[in-house]
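Okay, thanks for coming, everyone. I'll put the structure up first and then walk through the contacts and local features that caught my eye.

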Amino acid sequence: MERKEVIKLAGLTKSYGGENVLDEINLTVYEGQIVGYIGPNGAGKSTTVKLMLGLIEEYYGEIHLFGENLQKLDHSYKRRIGYVPENAEIYDSLTAAEYLIFIAGLYGIEEEEALEKAGNLMEQFNIEHVLHARLSSFSKGMKQKVLIISSLIHNPDVLFLDEPLSGLDANSMMVVKEILALLAEQGKTIFYSSHIMDIVEKISHRIVLLSGGSIVADGTFEELKEKNKQGTLEDIFNDLTGFHQHKDIASAFVKIVQGETV
Amino acid sequence: MKDMKILLFLDRFQTLFQKAGVDYAVFRLILKMKLTMDARRIPTVMSNAKVNEQKEKNYFVRSLWIYALYGLSIVPVLFFIDQYFFQISIIFSILMFVLMTSMISDFSSVLLDIRDRSIIGPKPIHKRTLSAAKSFHVLIYMFLLTFATTTVPLVLSLFINGPLFSLLFLLEIVLLVMLILVLTAGIYVVILHFFDGERLKNMINYMQIALTIGILIGSQVVVRSFELVEITFEFSPAWWQVFVPPVWFGALHEAVLAGTRSNFLLVLAGLAIVVPVISIVIYIKLMPVFEHQLRKLSQTEGGAQKQKAKWKKQLARWISPNRVERSMFHFAGSIMKNERDFKLKVYPSIGFTLVIPFIFMFTTLQTSSFEEFREGSSFYLVYFTLLLIPNIFSMVKYSSSYKGSWVYQVTPLERKSILYSGTVKAALVKLFVPVYVVQSAIFLWLFSSSVLLDLVICLISAVLYSVICIKLLSNNQLPFTASFSLGQHQEGVKVFLLFLIILPLVGLHALSSLVPFGTEIYGLVMLAVAILTWKLAFRN
C-alpha cells in the first residue's frame with residue numbers, strides 16, 4: 001500500500017543573524033505516523049514547527065505540506081492543522097466556552113456546533129463544570145486540556161504538539177496518550193515534541209532527534225536502541241547529544257547552594 | 001458573549017468588507033472577542049473570579065466623560081471667535097493633541113499586541129482580515145473617544161454657527177481620526193523598519209516624548225499663523241503651513257463657508273481631504289507589512305550583562321539603607337525602565353512636563369521684556385514638573401507580567417509598606433529627578449542662581465506630593481500586581497483632582513516669599529512636613 005506523504009522537508013535551513021538554527025533538514029513524514037520530535041533546548045524543534053505554520057517566514061530549502069509546496073499554498077491549508085504550542089499564550093479573560101467558540105470560529109465552525117462540541121469534549125476531560133468560568137482562574141492542567149481541545153475542535157489531519165501533557169495528572173495523561181494512538185489509527189499525522197523521554201519512547205512510531213540544527217538520529221525506538229547500544233531513550237539522547245557530565249554538574253550545584261566554593 | 005451594538009452596525013456594511021478582501025465572519029468574530037475582553041478586567045492575582053455578566057461594563061466607555069471635559073475647552077472658541085479659519089485651526093489643534101496623545105498612550109498596546117500572532121497566527125486566516133479587525137478595534141475606540149470629546153461642541157455649533165458649519169465640522173473630525181490612526185501606525189512602521197529588538201522598544205518611547213513635545217509646540221505654531229490685526233485675526237500665509245494639519249481644516253472651513261478662495265488657501269483645504277483619504281488607502285494596503293514587522297517586537301538579542309556602576313550602588317545604599325527596600329528600589333527601577341506598557345503610558349507625560357513651563361514663559365515674554373521676566377515670578381512654573389508624579393503613581397500598580405507578583409506572597413516580608421516606599425524612591429530617583437534636574441538647569445540659566453532655594457523647595461514638595469499620590473492612587477494594590485487594560489481611565493479623575501493639590505503648594509511657597517526669610521523658613525517647614533508624612537505613610 002502506498003503511504004501518503006504529509007510533511008516533506010527538503011534541505012530546510014533557517015538562520016538568525018548568520019547562525020543556522022536549522023541546517024539542511026531532510027524529513028518526510030507519512031500519514032498515520034506519530035513522530036517524536038526531540039532534541040535539547042534550542043535545537044530548532046519549535047522553529048521547524050513555526051516554519052510549517054507560517055509563523056516564521058524566510059527560509060532556504062523546501063517545505064511541502066499535503067503534497068504541495070508551502071510557498072504556493074494560501075492560508076486555508078491551516079484548516080487541516082491543529083497546534084498546541086509550548087507555553088501557549090491564551091486570552092485568559094475569556095471563559096473556556098468563549099475561547100473555544102472563538103477558536104472554532106477562526107476555523108469556520110458555527111457557534112452552536114462549536115459550543116456543543118466544546119462542551120462534550122470538556123465533559124470527557126472532566127472539566128465541564130468550568131465551561132463558563134474564565135480561563136484566568138484555571139489550573140495549569142485545566143488550561144492544557146482546553147488547549148488540547150482547541151487544537152482538535154476542527155478535526156485536523158495533522159497535529160503539532162509541543163509538550164502537550166504538561167500539567168496533566170497521570171490519569172489524564174493516559175487518556176491523551178490513548179487519544180493520540182486512536183487518531184493515528186484514523187490516519188492522522190502527529191508531530192510530537194517533548195522532553196519527557198519515556199513518553200516519547202512509548203507513544204512514537206518513529207523518533208527524530210535534532211541537535212544543533214541537524215537530524216542526528218531517525219528511526220523507530222528499536223532501531224535507535226540497536227544502533228546506539230543503549231537501554232533507554234534518555235540514554236540514547238544523552239549519548240547522541242554528547243552529554244555525560246550530569247553527575248559533576250549536580251554535585252557542583254549542590255555545593256554552591258550550601259555556600260561552598262567549587 | 002453578547003452582540004455589541006457596534007457589531008450590528010458594522011453588519012450593514014458587510015458587502016463593503018467582503019469587497020475589500022476581508023473575511024467578514026472571521027473579522028466580526030475577532031472584533032467581538034476583543035471587545036468582550038476589553039469589557040472585563042482581568043482579575044488580579046490569587047482571586048478566582050467567575051464571570052459576572054451583569055457587572056460587565058466596558059471600563060473605557062465608562063470613563064469617557066473625562067474626554068467630554070476636554071471637549072468643553074473647545075466651547076469658548078466657538079463662542080468668542082467668529083472667524084472660521086482661526087476658530088477651526090485652534091479647535092483642531094486641541095483635538096489633535098487630545099486624540100493623538102491618547103492614541104499613542106492607550107492604543108499603542110492594541111496596535112503592538114503580539115499575542116495575536118501566536119494565537120491567531122496558526123489559524124487559517126488571511127493577514128488582511130486580522131489587520132482589518134485590529135484596525136477597527138482601535139478605530140471604534142477612537143471614534144467613541146472623539147465622539148465624547150466633540151458632541152457638546154458639535155451640538156452647540158449647530159445653534160451658534162448653523163447646520164452647514166456643524167456638518168462640515170463632523171466631516172472634518174472623521175478625516176482627522178483617519179489621519180491620526182495612519183500617522184501613528186506610519187511612525188511605527190518607519191521605526192520598525194530601521195530598528196529591531198530592545199532598541200526599537202526604547203525608540204518608540206522616545207518617539208512618544210518627541211511627539212508630545214512636537215504637538216505642543218505645533219499648536220503654538222498654529223496660533224502664530226494668525227496675527228491680531230485690530231480685533232480680527234488675519235491669516236498670514238507661509239509655506240510651512242502645508243505641514244500643519246489643523247491649519248488645513250481651518251482652511252477647508254474658510255473656503256467652503258466664508259468663500260475665501262485664494263490659491264494657497266485652496267491648496268490647504270485640498271490637503272485636508274486628500275491626505276487622510278490617500279493615507280487610509282495606503283494604510284490598508286500596508287497593514288500586512290506592519291504586522292510582519294511587528295514580529296521584531298518579540299525578538300530580543302541576548303543582552304550583555306551590565307555591571308552596575310559603583311556610584312549607583314553607593315547611591316542606592318544611601319537612599320535605601322534597608323536591604324529589603326533597596327531590593328524593591330532596584331526591582332521597581334528596572335521595571336519602570338524596561339516595561340514597555342508602563343513606558344507607553346508614562347513617558348509621554350515626561351515630554352509634556354518638560355515643555356509646558358516654557359510655553360507659558362513664551363506667552364509671558366510676548367508682553368514683557370526679558371529683564372522684567374527674569375525679575376518676575378515665572379520660576380514658579382517649575383511646579384508644572386510635579387504633574388509627572390500622579391501620572392507615574394497611577395501606573396505603578398500595573399504590570400504586563402503581573403502574575404509574577406506571587407513572589408510578594410511567598411517571601412518573608414515583614415511589612416508591605418516597604419514595597420511602596422521602595423517604589424516611590426525608585427520613581428523619584430529614576431524618573432522624576434532626571435527630568436527635574438534638566439528643568440532646573442534651564443531655570444537656573446534663565447533666572448540666575450537666586451532661584452536655587454526655590455528649586456530645592458519645589459523638590460521637597462515633590463517628595464511630599466509623591467507620598468500623597470501613592471497613598472491616594474494605590475487602593476491597597478501592591479506595585480506591579482494588576483494587569484494593564486483599557487480600564488485605567490477611571491483613574492483619570494483622581495489624577496486630575498491630584499493635579500489641584502499642586503496649587504496650594506505653589507500658593508504657600510509664593511506667600512512665604514513676601515516675608516523676609518519667609519522662603520527659608522517655609523523650606524525648613526516643608527522638609528519637616530515631608531519627612532513626617534513619609535514616616536507616617538510608610539509606617540506599617
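So, let's start in chain B, with an arginine: at 16% relative accessibility, B:Arg28 counts as buried. Keep in mind throughout that this is a predicted model.

What does B:Arg28 pair with? Its salt-bridge partner is B:Asp11, and the closest N and O atoms of the two are 2.8 Å apart. This pair links distant parts of the chain, with B:Asp11 in helix H1 (residues 5–11) of chain B and B:Arg28 in helix H3 (residues 24–38) of chain B, 17 residues apart.

Staying in chain B, here's another one. B:Lys425 and B:Glu325 meet through their side chains in a salt bridge, 2.8 Å from N to O. B:Lys425 sits in helix H20 (residues 417–447) of chain B and B:Glu325 in helix H15 (residues 323–338) of chain B, so this pair ties together parts that are 100 residues apart in sequence. Buried or exposed, these two, B:Lys425 and B:Glu325? Both are buried.

There's also a shared arrangement in chain A: A:Arg80, A:Asp157 and A:Lys188 are joined into one network by salt bridges that share partners.

How many salt bridges does the structure hold over all chains? Five. One that I haven't shown yet is in chain A, where the side chains of A:Asp218 and A:Arg206 come together at 2.9 Å, N to O. That pair also links distant parts of the chain: A:Asp218 belongs to strand E10 (residues 214–219) of chain A, A:Arg206 to strand E9 (residues 206–211) of chain A, and they are 12 residues apart. The two ends differ in burial class: A:Arg206 counts as buried at 11% relative accessibility, whereas A:Asp218 is partly exposed, with a relative accessible area of 33%.

Right, on to places where the chain comes back on itself. I mentioned A:Asp157 as part of that network. The C-alpha atoms of A:Asp157 and A:Ala184 are separated by 9.5 Å, and the two residues are 27 apart along the chain. A:Ala184 is in helix H5 (residues 170–185) of chain A, and with 7% relative accessibility it counts as buried.

Chain B has a similar sort of example to look at. B:Leu181 and B:Leu139 are 42 residues apart along the chain, with 7.7 Å between their C-alpha atoms. B:Leu181 lies in helix H10 (residues 163–194) of chain B. How accessible is B:Leu181? Its relative accessible area is 0%, so it's buried.

Now some helix geometry, back in chain A. Take helix H2 (residues 96–106) of chain A and helix H3 (residues 111–124) of chain A: their axes come within 9 Å and cross at roughly 125 degrees. That makes H2(A) oblique to H3(A), and the crossing of H2(A) and H3(A) is right-handed.

Then compare that with helix H7 (residues 221–228) of chain A and helix H8 (residues 233–240) of chain A, where the axes come within 10 Å and cross at roughly 55 degrees. H7(A) is oblique to H8(A) as well, but here the crossing is left-handed.

For those of you who like backbone torsions, there are a couple to check. A:Asn126 has phi near 65 degrees, which is a positive value in a residue other than glycine. You'll find A:Asn126 in the loop between H3 and helix H4 (140–152) of chain A, and at 58% relative accessibility it counts as exposed.

A:Glu24 has a positive phi too, near 55 degrees, again in a residue other than glycine. Where is A:Glu24? It's in strand E2 (residues 19–30) of chain A. A:Glu24 is exposed, with a relative accessible area of 52%; the cut-off for exposed is over 50%.

Last item, back over in chain B: a nonpolar patch on the surface. B:Ile273, B:Val274, B:Val277, B:Ile278, B:Val281, B:Ile282, B:Leu286 and B:Val289 make up the patch, and together they have about 630 Å² of accessible area. To place one of them, B:Val274 is in helix H13 (residues 263–298) of chain B. B:Val274 has a relative accessible area of 43%, so it's partly exposed.

That's my tour. Happy to pull any of these up on the screen.

Key: Residues are numbered from 1 along each chain as its sequence is written. Chains are lettered from A and ligands numbered from 1 in the order in which they are written. This is a predicted model: local features need pLDDT of at least 70, side-chain atom pairs count only at pLDDT 80 or more; totals for chains, interfaces and linings use all residues. Side-chain values use heavy atoms; hydrogens and water are left out. Patches are made of residues with over 30% relative accessible area and no salt bridge: like charges are joined within 9 Å, nonpolar side chains (Val, Leu, Ile, Met, Phe, Trp, Tyr) within 5 Å. Accessible areas come from the Shrake-Rupley method with a 1.4 Å probe; for residues, only the protein chains shown count as cover. A salt bridge is a side-chain nitrogen of Lys or Arg within 4 Å of a carboxyl oxygen of Asp or Glu. Helices (H or I, at least four residues) and strands (E, at least two) are DSSP runs, numbered from the N terminus. Buried means under 20% relative accessible area, exposed over 50%, partly exposed in between (1.4 Å probe, protein chains only). Axes are lines fitted to C-alpha atoms, for helices over the stretch in contact, and angles run from 0 to 180 degrees between N-to-C directions. Angles under 35 degrees count as roughly parallel, over 145 as roughly antiparallel, 65 to 115 as roughly perpendicular and the rest as oblique. A crossing is left-handed if the near helix is turned anticlockwise from the far one by less than a right angle, and right-handed if clockwise.
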